[in-house]
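User: I've got a structure open on my screen and I'd like to go through it with you, one bit at a time. Can you take my questions as they come?

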Amino acid sequence: MTSIQQHNKHPHDYLWWKHGVIYQIYPRSFYDANDDGIGDLPGIIKKFDYLIDLGIDAIWLSPINTSPMYDCGYDVSDYYSIDPIFGTLKDFKELLAIAHSNNIHIIMDMVLNHTSQLHPWFVESSSSRYNMKNDWYIWHDGFNGKPPNNWKSAYLSSAWEKNEMRRQYYLHSFLKEQPDLNWHNQQVKHAMFDMMQYWLDLGVDGFRFDVINYCYKDKNLRNNPFSFKPFNDQIEKYNKNGLESYILVQEIRKLIDKYDNRMTVGEVFSYPPGNPALSASYLCKGKGLHLAFDFSLLYQPFDSHKIYRCIKNWYNHIPEHCWPCNVLSNHDQQRYADKFSQEDNDSIKRLMALLLLTLWGTPFIYYGEEIGMKNTSIPLHKIVDPAGKRFWPIYKGRDCARTPMQWSDEANAGFSHTMCWLPIDSNYRTINVKHQLKDRYSLLNYYKDLIRLRKNHYALTHGSWEPLIKGKNGIIAYIRKADSETLCMLLNFNDHATHIHHHYEAQWKVLFSTHRSRFEHFADLRIDCYPFEATILQKIGDL
Ligand code: NOJ
């Protein structure tokens, strides 16, 4: 049997970013305290008791820096200030203080690859070919009236935009309003490191790095080779993942390590999505990022074989002494579990939540996941996401998973007293926090129970991971073991009852289950699982 061992053996080895639960807040959509229809920092402060009650250990805030919001904040025009939509620096400091006094950590989103085209650096850089910042972005002459090379932006048109003042092209891997910085320029690097230091000094507990693998590209701007893949007809060989990116994450690590207990998690963006080898490479064998996202799981169908293989593959790539993280949803993706759940039936969501919270690695929960928010269908005229506007109707964009948090069945789902920046799903009357808090067996209370259970069982946070049933007959089962405790997770992906008879010389008692009625003892893992049942068993003795 393969067993993946971790290296922390004792409870005092608790490291929040390894053993805790991280909750992603999309600030625009969490809670609107000033009734402008957009969520803000005072809103997060107002709802802080909810976060404490949920039991999370850290919050990752999607971008809150000043931005013209062409890409909902992923286009920063001032890295040192908070966008007035979200509040003030004073609000942010207050949030940090409240969080820290409740032992909750705050991770900021850090966009290093590009700025807004309204950032003073770009304004200066684009003003002429001769200025102090002329080389802070990636500028090049065209060839015969065409862009410098064939690179494409994430929006699948040329990644180059002509600037009339310089009569040159600049590179933008995303929107043309998001020019890419020239990280080969040491001044850019220093400016960005100074800025990160500013936020670390202020007390933030870490950073989530946006597309960290994009910062360095081929210095010679070589053309990408052609490919026959759908949507994108080129292999993205030269426009990202430059070798210097690995030096960059190691330098960032050195900066972070000067501070106590901070962390970094990187978004490693690949096409097609999900590349565990690439994501894990940014951990640099323990000298790079603390954590890196791999999105493979988000693209798996609800199929036990595929999900098992995906998890195992991810773990196989994690270098020794490094740590994985796991995620089901985020602001760029459809809400995963919702894709497979039938109306009014949370069983798949419960099963996936149990998987997420009992796997080896740090779990990330995306706001609203804990109440089972659904992918909301947004009409074309209300779409805000530039990707949705660009590709509609082939791809309707990311707004479906960014709608306001559903707090109650009151107007605007209790999120705001005014019309919200995105429409609220009409299901808010039934799917909301207020209802679920009252119902002992709601999805929300289920998440809370699971998070608490995870905290109280060292095997779930620190334990080894050993697969038992690898997706066969619709079942995934694995053991987590630490010191004196052995737990077994059984997950039935079938929509029908399934008998498991696995020879494992021990007696087990049910510790937790998606099915309330389950409170039995088992010998030798003989158990009839209900449809979509997921159960945590605790070893109580050898046979
Ligand atoms: C990845 C972010 O998660 C996404 O929301 C954004 O559009 C791009 N990076 C560009 O910053």
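User: Over how many bridges do β7 and β8 pair, and in which sense?
Analyst: Keep in mind that this is a predicted model. β7 and β8 form a hairpin with 4 residues between them, and W160 has L171 in β8 as its bridge partner. The pairing of β7 and β8 is antiparallel, and the count of bridges is 4.

User: Which residue in the turn of that hairpin has a positive phi?
Analyst: Look at the 4 residues between β7 and β8. One there has a phi of about 50 degrees, and that residue is R167.

User: What is the order of the strands in the open sheet that holds this hairpin?
Analyst: On one side, β8 (residues 168–171) is joined to β6 by 2 antiparallel bridges, with H140 opposite Y169. On the other, β8 pairs with β7 over 4 bridges. The edge strands, β6 (139–140) and β7 (160–163), each pair on one side only. That gives the order β6-β8-β7.

User: On to the ligand. Which residues come nearest to it?
Analyst: There are 13 residues around the ligand. By type, they divide into 3 nonpolar, 3 polar and 7 charged. The ones that come nearest are D71, H114, D210, H331 and D332.

User: How much of the ligand's accessible area does the protein cover?
Analyst: Start with the polar side-chain atoms that face oxygen atoms of the ligand: one from D210 at 2.7 Å, one from H331 at 2.8 Å and one from E267 at 3.5 Å. On its own, the ligand has 290 Å² of accessible area. The share of this that the protein covers is 98%.

User: How far apart are the end C-alpha atoms of helix α10, and what should the helix span?
Analyst: Helix α10 has 12 residues, 347–358. At 1.5 Å a residue, it should span 16 Å. The value from the model agrees with that: the end C-alpha atoms are 17 Å apart.

User: How many of the residues of α10 are buried?
Analyst: The cut-off for buried is under 20% relative accessible area. Residues that count include K349 and R350, as well as L354, L355, L356 and L357. The helix is largely enclosed by the rest of the structure, because the number buried is 12 of the 12.

User: Where are the cis peptide bonds before P272 and P393?
Analyst: The bond that joins Y271 and P272 is cis, with omega about -5 degrees, while the one from W392 to P393 is cis with omega near 0 degrees. P272 is found in the loop between β10 (263–267) and α8 (276–281). P393 is in the loop between α11 (386–391) and α12 (433–438).

User: L221 and F532 have positive phi too; are they buried or exposed?
Analyst: Phi is near 55 degrees for L221 and near 55 degrees for F532, and neither is a glycine. L221 is in the loop between β9 (206–209) and α7 (244–256), and F532 is in the loop between β20 and β21 (534–541). L221 has a relative accessibility of 14% and F532 has 9%, so both count as buried.

User: Last one: which residue's backbone nitrogen lies 2.7 Å from the side chain of D524?
Analyst: D524 is in the loop between β19 (521–523) and β20 (526–529). With a relative accessible area of 5%, D524 is buried. A polar atom of its side chain lies 2.7 Å from the backbone nitrogen of Y504.

Terms used
Residues are numbered from 1 along each chain as its sequence is written. This is a predicted model: local features need pLDDT of at least 70, side-chain atom pairs count only at pLDDT 80 or more; totals for chains, interfaces and linings use all residues. Side-chain values use heavy atoms; hydrogens and water are left out. The expected span of a helix is 1.5 Å times one less than its number of residues. Buried means under 20% relative accessible area, exposed over 50%, partly exposed in between (1.4 Å probe, protein chains only). Two strands pair if DSSP finds at least two bridges between them. A residue is near a molecule or strand if one of its heavy atoms lies within 4 Å of it. A polar contact is a pair of N or O atoms within 3.5 Å; within protein, one must be able to donate a hydrogen and the other to accept it, and residues adjacent in sequence count only if both atoms are side-chain atoms. Accessible areas come from the Shrake-Rupley method with a 1.4 Å probe; for residues, only the protein chains shown count as cover. Ala, Val, Leu, Ile, Met, Phe, Trp, Tyr, Cys and Pro count as nonpolar, Asp, Glu, Lys and Arg as charged, and the others, Gly among them, as polar.
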